[in-house]
Amino acid sequence: MERERLNMCLLTEADVERALYKVKGLDFDDILELVKDNPNIDSKALKIELKTSNFYRGNPYVSVIGNLLGFTEKQLDKFFETGDYKELI
């Protein structure tokens, strides 16, 4: 039940990109460049996902990219729950 609630937490595209920039100095273009040669990530599908207006915690790309950038699942949960980029530090 708690996982379902967390999976429905959402942030805007600007919230997510702003947090990535503040914490890692990266924007979405940098993320696409980072994963372009990763055979485990469909970079074209990711590019489409990054154009969405809202990011849901339950989207599998959130965990994949978050983990790739060194964020834990707990950090991602708290970030989506609070909207505070400091949860990713």
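**View 1. Arg-57 and its polar contacts in the predicted model.** In this predicted model, the side chain of Arg-57 forms a polar contact of 2.8 Å with the side chain of Asp-77. A polar contact of 2.6 Å also links the side chain of Arg-57 to that of Glu-73. Arg-57 belongs to the loop between β2 (54-56) and α5. The relative accessible area of Arg-57 is 2%, and Arg-57 is therefore classed as buried, the limit being under 20%. When neighbours within four places in sequence are left aside, the residues in contact with Arg-57 include Arg-3, Leu-6, Asn-7 and Cys-9. Val-62, Ser-63, Glu-73, Leu-76, Asp-77 and Phe-80 are also among the contacts of Arg-57.

**View 2. The crossing of helices α5 and α6.** Helix α5 covers residues 60-68 and helix α6 covers residues 73-82; their axes come within 10 Å and cross at roughly 120°. Because of this angle, α5 is oblique to α6. The crossing in which α5 passes α6 is right-handed. On the α5 side, the residues that meet α6 are Val-62, Ser-63, Gly-66 and Asn-67. On the α6 side, the residues that meet α5 are Glu-73, Leu-76 and Phe-80. The residues of this contact between α5 and α6 comprise three nonpolar, three polar and one charged. Several residues of this contact also appear in View 1: Val-62, Ser-63, Glu-73, Leu-76 and Phe-80 are among the residues in contact with Arg-57.

**View 3. Leu-69 in the loop between α5 and α6.** Leu-69 is situated in the loop that lies between α5 and α6. Is Leu-69 buried or exposed? Leu-69 has a relative accessibility of 9%, and a residue is buried when this value is under 20%, so Leu-69 counts as buried. Leu-69 and Ile-31 are separated by 38 residues in sequence, while their C-alpha atoms are 9.2 Å apart in space. Ile-31 is also one of the residues in contact with Leu-69 when neighbours within four places in sequence are left aside. The other residues in that set of contacts are Leu-20, Lys-24, Leu-26 and Leu-34.

**View 4. The crossing of helices α3 and α4.** The axes of helix α3 (residues 28-35) and helix α4 (residues 43-50) come within 10 Å, and the two cross at roughly 165°. This angle makes α3 roughly antiparallel to α4. The crossing of α3 past α4 is right-handed. Helix α3 contributes Phe-28, Ile-31, Leu-32 and Val-35 to the contact, and helix α4 contributes Ser-43, Leu-46, Lys-47 and Leu-50. The residues of this contact between α3 and α4 are six nonpolar, one polar and one charged. Ile-31, one of the α3 residues that meet α4, is also in contact with Leu-69, as noted for View 3.

**View 5. Asp-30 in helix α3.** Asp-30 is located in helix α3. The relative accessibility of Asp-30 is 32%, and Asp-30 is for this reason counted as partly exposed, a class that lies between the limits of 20% and 50%. In sequence, 35 residues separate Asp-30 from Ile-65. In space, the C-alpha atoms of Asp-30 and Ile-65 are 12 Å apart.

**View 6. Lys-36 in the loop between α3 and α4.** Lys-36 occupies a position in the loop between α3 and α4. With a relative accessible area of 44%, Lys-36 is partly exposed. The side chains of Lys-36 and Glu-33 are joined by a polar contact of 2.8 Å. Lys-36 and Glu-49 are 13 residues apart in sequence, and their C-alpha atoms are 15 Å apart in space.

**View 7. The surroundings of Phe-55 in strand β2.** Phe-55 is part of strand β2. The relative accessibility of Phe-55 is 7%, and Phe-55 is counted as buried. Which residue lies 45 residues from Phe-55 in sequence and 5.3 Å away in space, C-alpha to C-alpha? That residue is Leu-10. Not counting residues up to four places away in sequence, Phe-55 touches Leu-10 together with Cys-9, Leu-11, Thr-12, Glu-13 and Val-16. Phe-55 also touches Phe-28, Glu-49, Leu-50 and Phe-80. Of these, Phe-28 and Leu-50 take part in the contact of α3 with α4, and Phe-80 takes part in the contact of α5 with α6.

Conventions. Residues are numbered from 1 along each chain as its sequence is written. This is a predicted model: local features need pLDDT of at least 70, side-chain atom pairs count only at pLDDT 80 or more; totals for chains, interfaces and linings use all residues. Side-chain values use heavy atoms; hydrogens and water are left out. Axes are lines fitted to C-alpha atoms, for helices over the stretch in contact, and angles run from 0 to 180 degrees between N-to-C directions. Helices (H or I, at least four residues) and strands (E, at least two) are DSSP runs, numbered from the N terminus. Angles under 35 degrees count as roughly parallel, over 145 as roughly antiparallel, 65 to 115 as roughly perpendicular and the rest as oblique. A crossing is left-handed if the near helix is turned anticlockwise from the far one by less than a right angle, and right-handed if clockwise. Contact means heavy atoms within 4.5 Å. Ala, Val, Leu, Ile, Met, Phe, Trp, Tyr, Cys and Pro count as nonpolar, Asp, Glu, Lys and Arg as charged, and the others, Gly among them, as polar. Buried means under 20% relative accessible area, exposed over 50%, partly exposed in between (1.4 Å probe, protein chains only). A polar contact is a pair of N or O atoms within 3.5 Å; within protein, one must be able to donate a hydrogen and the other to accept it, and residues adjacent in sequence count only if both atoms are side-chain atoms.
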